[in-house]
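This text walks through two parts of a structure, a strand with its partners and a pair of helices. Please keep the sequence and the 3D view at hand while reading.

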Amino acid sequence: METARAARDAEDMIEVTGLTKRYGGALAVDELTFAVKPGLVTGFLGPNGAGKSTTMRVILGLESPDEGTALVCGRPYAGLRRPMLRVGALLDAGNAHGGRTARGHLSWLARSNGIDRRRVGEVLTEVGLDGAADRRIGGFSLGMRQRLGIAGALLGDPEVLIFDEPVNGLDPEGIRWIRDLMRSMAADGRTVLVSSHLMGEMALTADHVVVIAGGRLIADAPMAGLRHGGVLVRAADRQALARELRRHGGEVRDEDGGLRVRGLSAARIGELALAAGIALRELTPGGRSLEETFMELTGAVAGRAS
Ligand code: ADP
């Protein structure tokens with residue numbers, strides 16, 4: 001049983017290896033490697049233009065890579081038999097035909113993918129569109145379109161779910177609904193990859209984050225791991241303190257008029273400052289928001305690229 005479960009887990013992963021995608025001469029994705037595991041919500045984070053959608057389109061076989069591979073359930077998407085039963089995706093909520101009803105659209109999707117008609121009613125209920133099932137999609141709000149897009153993704157009851165910026169333009173109730181849905185899909189043992197350019201949103205949703213900027217990987221870590229921002233310290237003589245902390249193995253960088261220190265505890269920093277006769281004005285462990293961590297990570301790459 002355990003072995004079967006482990007084998008299934010390996011099958012349900014998304015594996016991106018050395019992926020490179022160019023548009024003309026411009027690199028959209030640059031030797032990107034990461035894996036997305038079942039049972040977790042993995043946030044795919046990066047500023048606009050980082051290469052998130054491109055990566056997702058390659059995973060879904062909508063673009064071909066210039067180099068590297070993107071496997072889903074152990075194969076390239078195009079090699080999956082009946083892919084809607086393995087992978088559900090929400091890329092662009094605006095792509096359903098406006099003249100169809102929600103039920104009509106889902107019935108057509110079910111029919112063309114060999115999925116039992118009964119699933120249509122089930123997913124309409126699951127996404128809260130029962131009351132609007134027989135209305136034309138053309139009159140739907142953005143939130144209703146997102147729900148319909150998600151209904152389509154869930155139709156084949158797939159193990160792997162890929163959502164590109166699903167909360168864009170939603171009201172707080174819709175955002176909470178999508179967040180709860182992703183959490184429950186992961187709790188069911190499914191593989192959930194969701195992109196966002198908002199770190200704050202991911203903090204509430206994701207167990208694990210893959211951060212990219214300029215098409216390159218800059219972090220692949222459990223969400224909890226990103227919360228440890230080191231120690232913020234301010235001193236009368238900042239330069240002298242930075243030298244002293246580096247001499248004792250601290251990783252030090254300037255931040256907001258003070259120093260951000262990693263690799264030394266707050267207590268140790270206090271002792272070293274005292275021993276060196278440097279007066280401290282502030283000594284704050286952690287103390288940074290995820291948003292700031294994200295800005296620092298992505299800013300570092302932007303700086304390197306220029
Ligand atoms: P993100 O989803 O992180 O906002 P994208 O994957 O959409 O980023 O874009 C990554 C880069 O690739 C951007 O510089 C974007 O302008 C470029 N790009 C994306 N799609 C195309 C395309 N079809 N043709 C040309 N350039 C593109």
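In this predicted model, T42 of strand β3 stands opposite L193 in strand β7. The two strands, β3 and β7 (residues 191-196), run parallel and are joined by five bridges. Strand β3 also pairs with strand β8 (residues 208-213): four bridges join them, and this pair too is parallel. Here F44 is the residue that stands opposite V210 in β8.

How many of the five residues of β3 are buried? Five of the five residues in β3 (residues 41-45) are buried, so the strand is largely enclosed by the rest of the structure. Buried here means under 20% relative accessible area. In a regular strand, side chains alternate between the two faces of the sheet. For β3, one side holds V41, G43 and L45, the other holds T42 and F44, and both faces are covered.

The second part concerns two helices. The axes of α3 (residues 102-112) and α4 (residues 118-126) come within 9 Å and cross at roughly 130°. Helices α3 and α4 are therefore oblique to each other. The crossing in which α3 passes α4 is right-handed. Which residues make the contact? From α3 they are A102, R103, L106, S107 and A110, and from α4 they are V120, V123 and L124. Sorted by class, this contact of α3 with α4 has six nonpolar residues, one polar and one charged.

Technical notes: Residues numbered from 1 in each chain as written. Predicted model: local features only at pLDDT ≥ 70, side-chain atom pairs only at ≥ 80, totals over all residues. Heavy atoms only, no water. Axes fitted to C-alpha atoms, helices over the stretch in contact; angles between N-to-C directions. Parallel < 35°, antiparallel > 145°, perpendicular 65-115°, else oblique. Left-handed = near helix turned anticlockwise from the far one by under 90°. Contact = heavy atoms within 4.5 Å. Nonpolar A, V, L, I, M, F, W, Y, C, P; charged D, E, K, R; others polar. Buried < 20%, exposed > 50% of the residue type's maximum accessible area, 1.4 Å probe, protein only. Pairing = 2+ DSSP bridges.
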